[in-house]
Every structure is written in structure tokens, then in C-alpha cells.
Amino acid sequence: MDGHQELYRAIEGLNAKEKAAVLLFYMEDRNIREIAVILGVRNGTVKSLLSRGREDIKRFMTKQND
């Protein structure tokens with residue numbers, strides 16, 4: 001499986017809010033404030049969602065490469 005497919009699988013494994021935050025930030029180039037408005041959460045929550053999402057993706061990708 002190539003890296004892109006693994007990355008998409010990792011993103012699919014995120015919970016709904018983390019997935020939305022990651023996709024809005026990285027794929028749609030939205031800033032923290034915009035994402036907060038879209039998701040109806042505070043800026044700090046968006047930062048937490050992105051942080052947890054990145055960690056979950058990293059953990060998934062590391063497992064796939066072991």
C-alpha cells in the first residue's frame with residue numbers, strides 16, 4: 001500500500017471532529033478561527049483537535065511501517 005492510501009486510511013480512522021478539523025486545516029487551508037466558527041467550538045478546541053488528530057495519524061502511520 002502506498003503512503004497516500006495509508007494517510008487516507010489514517011484520516012478515516014479519526015473521530016468526526018478531529019477529521020473535520022484536519023481536513024479543513026490541511027486540505028481547505030482554513031485558519032483556526034474559521035474552523036472554530038464552522039465547527040461551533042472555541043479556538044483552543046480546534047488546536048486540541050488538530051493536535052490529537054496529528055498524533056493519531058502519526059501513531060497509525062508508525063504502526064503501518066512496523
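How many helices and how many strands does the secondary structure of the chain come to? Colour by secondary structure and you'll get four helices and zero strands, where helices (H or I, at least four residues) and strands (E, at least two) are DSSP runs, numbered from the N terminus. From the N terminus on, the elements read α-α-α-α.

Before you click around: this is a predicted model, so local features need pLDDT of at least 70 and side-chain atom pairs count only at pLDDT 80 or more, while totals for chains, interfaces and linings use all residues. Residues are numbered from 1 along each chain as its sequence is written, and side-chain values use heavy atoms, with hydrogens and water left out.

**Whole chain**

Zoom out. The C-alpha trace spans about 35 × 20 × 15 Å along its principal axes. Of the 66 residues, 26% count as buried; buried means under 20% relative accessible area, exposed over 50%, and partly exposed in between (1.4 Å probe, protein chains only). Take the contacts (heavy atoms within 4.5 Å) between residues at least 6 apart in sequence: 53% of them join residues at least 24 apart.

**Stop 1: α2 against α4**

Select α2, residues 16–27, and α4, residues 43–65. Their axes come within 9 Å and cross at roughly 95°. Axes here are lines fitted to C-alpha atoms, for helices over the stretch in contact, and angles run from 0 to 180 degrees between N-to-C directions. That makes α2 roughly perpendicular to α4; the bins are under 35 degrees for roughly parallel, over 145 for roughly antiparallel, 65 to 115 for roughly perpendicular, and oblique for the rest.

Show side chains next. From α2 you want Lys17, Glu18, Ala21, Val22, Phe25 and Tyr26, and from α4 Leu49, Leu50, Arg52, Gly53, Arg54, Asp56 and Ile57. The residues of this contact divide into seven nonpolar, one polar and five charged. For the classes, Ala, Val, Leu, Ile, Met, Phe, Trp, Tyr, Cys and Pro count as nonpolar, Asp, Glu, Lys and Arg as charged, and the others, Gly among them, as polar.

Now pick Glu18 in α2. Is Glu18 buried or exposed? Glu18 counts as buried because its relative accessibility is 4%. Skipping residues up to four places away in sequence, Glu18 touches Leu49, Arg52, Gly53 and Asp56.

**Stop 2: α3 against α4**

Add α3, residues 32–39. Helices α3 and α4 pack at an angle of about 100°, with axes 8 Å apart, so α3 is roughly perpendicular to α4. On the α3 side, select Ile32, Arg33, Ile35, Ala36 and Leu39; they meet Asn43, Val46, Lys47, Leu49 and Leu50 in α4. By class, that contact has seven nonpolar, one polar and two charged residues.

**Stop 3: Ala21**

Centre on Ala21, which lies in α2. With a relative accessible area of 0%, Ala21 is buried. Which residues does Ala21 contact, leaving aside neighbours within four places in sequence? Look for Ile35, Leu39, Leu49 and Leu50. Try a C-alpha to C-alpha distance from Ala21 to Leu39: you should get 8.0 Å, for residues 18 apart in sequence.

**Stop 4: salt bridges**

Side chains of opposite charge can pair when their charged atoms come close. The count here comes to four salt bridges, each being a side-chain nitrogen of Lys or Arg within 4 Å of a carboxyl oxygen of Asp or Glu. Three to visit, including the accessibility of each partner:

- Lys19 and Glu12 meet at 3.1 Å, N to O. Lys19 is partly exposed at 22%, while Glu12 is exposed at 54%.
- Glu28 and Arg30 have their closest N and O atoms 3.6 Å apart. Glu28 is partly exposed at 46%, and Arg30 is partly exposed at 32%.
- Asp56 and Arg59 meet at 2.9 Å, N to O. Being three residues apart in α4, Asp56 and Arg59 are separated by about one helical turn. Asp56 is partly exposed at 27%, and Arg59 is partly exposed at 47%.

**Last stop: the rings**

There is one aromatic pair to find. Rings of Phe, Tyr and Trp (its six-membered ring) pair if their centres lie within 6.5 Å; planes under 30 degrees apart count as stacked, over 60 as edge-to-face and the rest as tilted. Select Phe25 and Tyr26: the pair is edge-to-face, 4.8 Å centre to centre with 80° between the planes. Phe25 is partly exposed, at 28% relative accessible area, and Tyr26 is partly exposed at 45%.
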